[in-house]
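Student: Could you take me through one part of this model in detail? I would like a close look at a single helix and its surroundings.

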Amino acid sequence: MVPVSEQTDEHGGAPTNNQVGGVKMAFLGTGNMGEAVLAGALAAGVAPEDVVATSRRPERGAHLTERFGVRATTDNVAAVDGAHVVVIGVKPKDVGAMLDRVADTLEPGAVVVSVAAGLPLSFFEQRLPAGTPVVRAMPNTPALVGAGVTALVGGSAAREDDVALVEKVLSGSGHVFRVAEKDIDAFGALAGSGPAYVFYVVDAMAEAGVLLGLTRDVARRLAVETVLGSAKLLDETGEHPVLLREKVSSPGGTTVAALRKLDDGGVRAAFLDALEAARDRSRELAAEHG
Ligand SMILES: NC(=O)C1=CN([C@@H]2O[C@H](COP(=O)(O)OP(=O)(O)OC[C@H]3O[C@@H](n4cnc5c(N)ncnc54)[C@H](OP(=O)(O)O)[C@@H]3O)[C@@H](O)[C@H]2O)C=CC1
Ligand SMILES: O=C(O)[C@@H]1CCC=N1
């Protein structure tokens, strides 16, 4: 049997069977999100020596080499040479120029993966050689510790094998969901941006603990452990959050007194507005840069 890492198909050079051993990857723009996806790809089994990561600043590349043992360069064109999977990790405003720069050097059949908020598959398909398989993904930063969630959807030239390969690579980042493209902005508003909402809540809870006289260290630790424990309880029991909230809220007790203040502060309505704003901003990004 041919080792997975040596299997290829007629469509391009990428190993088949949805295994990741032997998959060569280029990360074009390896900042906060690119680094987290890179960490997930290595966790999925991609070999560090098969990865090249680009950045503008050489010191950023030095950090990536030191942390992950991958090759780093500021030369995007050289990076895509020989790559089976090319992850575009620059800001939405920079994606068009990046594609123009590397389009002619892509390996035939190389799968281009975008993590850019807002930009639709058609944005990539219009700028890349006809038939280039494109996968649009929306990851989140807990991918860095293997606890991310990622949505993905394949473009018109992406075959099942292409999408499955990307899914496999991303599975090292955490959970992967295939979605319809129409839903990806909503996914981004909830899960892509979601870690920021949780960090905001943790910070606010910790600050409140300090207000009540706890030390900063203790207050932050309590806030983090409470979020971790609550997420685990939700996950492991599968119970509805409303039921779990009721189990904390004794009649006439402390919790209902606190929750009333959150309701008075319009926190629930603010979340609805916040996610709508994130979804709308994704659409604006597409209009601004498309
Ligand atoms: N941050 C998040 O939580 C999420 C982000 N995304 C998407 O990920 C993408 C990146 O966002 P984020 O990681 O936060 O941004 P960062 O600014 O952290 O990362 C962008 C990276 O691109 C590099 N870069 C910019 N231009 C070039 C270039 N011409 N050649 C090579 N490298 C370049 C920068 O290099 P240098 O560091 O040297 O300046 C930087 O490392 C965006 O499109 C965003 O929509 C999607 C989901 C979640
Ligand atoms: O803020 C942003 O635009 C990116 C996309 C989702 C999370 N961060």
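**A close look at helix α12**

Tutor: Happy to! Helix α12 covers residues 267–289, and at 1.5 Å a residue its 23 residues should span 33 Å; the end C-alpha atoms are indeed 33 Å apart, so expectation and model agree. Keep in mind that the model is predicted.

Next, its exposure. The number of buried residues among the 23 of α12 is two, so this helix lies largely in the open. For a helix, there is a handy rule when you inspect such a surface: with 3.6 residues a turn, residues three or four places apart point the same way.

Now step back along the chain to helix α11, which runs over residues 254–264. Of its 11 residues, the number buried is zero, so α11 also lies largely in the open. Just after α11 comes glycine 266, which takes a positive phi of about 70°.

The wider annotation is worth a look as well. An unreviewed UniProt entry places the feature "domain: Pyrroline-5-carboxylate reductase dimerisation" at residues 181–285. In the model, that span is 83% helix and 0% strand, and its end C-alpha atoms lie 15 Å apart.

Ligand 2 deserves a stop too. The residues around ligand 2 are Ala117, Gly188, Gly192 and Ser193. By class, this shell holds one nonpolar residue, three polar ones and no charged ones.

For contrast in setting, try a loop: glycine 82 sits between α3 (76–80) and β4 (85–88). A residue needs 20 or more C-beta neighbours within 10 Å to be buried and 12 or fewer to be exposed; glycine 82 has 14 inside 10 Å, so it counts as partly exposed. Leaving aside residues up to four places away in sequence, glycine 82 touches Lys24 and Glu107. The C-alpha atom of glycine 82 is also separated by 9.5 Å from that of proline 108, a residue 26 places away along the chain.

Finally, the whole protein, to put the helix in its frame. The protein has 12 helices and eight strands, and its C-alpha trace spans about 70 × 40 × 40 Å along the principal axes. Buried residues make up 35% of the 290 residues. Among contacts between residues at least 6 apart in sequence, 65% join residues at least 24 apart.

Terms used: Residues numbered from 1 in each chain as written. Chains lettered and ligands numbered in written order. Predicted model: local features only at pLDDT ≥ 70, side-chain atom pairs only at ≥ 80, totals over all residues. Helix = DSSP H or I, 4+ residues; strand = E, 2+ residues; numbered from the N terminus. Near = placed C-beta within 6 Å. Nonpolar A, V, L, I, M, F, W, Y, C, P; charged D, E, K, R; others polar. UniProt positions renumbered as here; feature names shortened; annotations may be inferred. Expected span 1.5 Å × (residues − 1). Contact = placed C-beta atoms within 7 Å.
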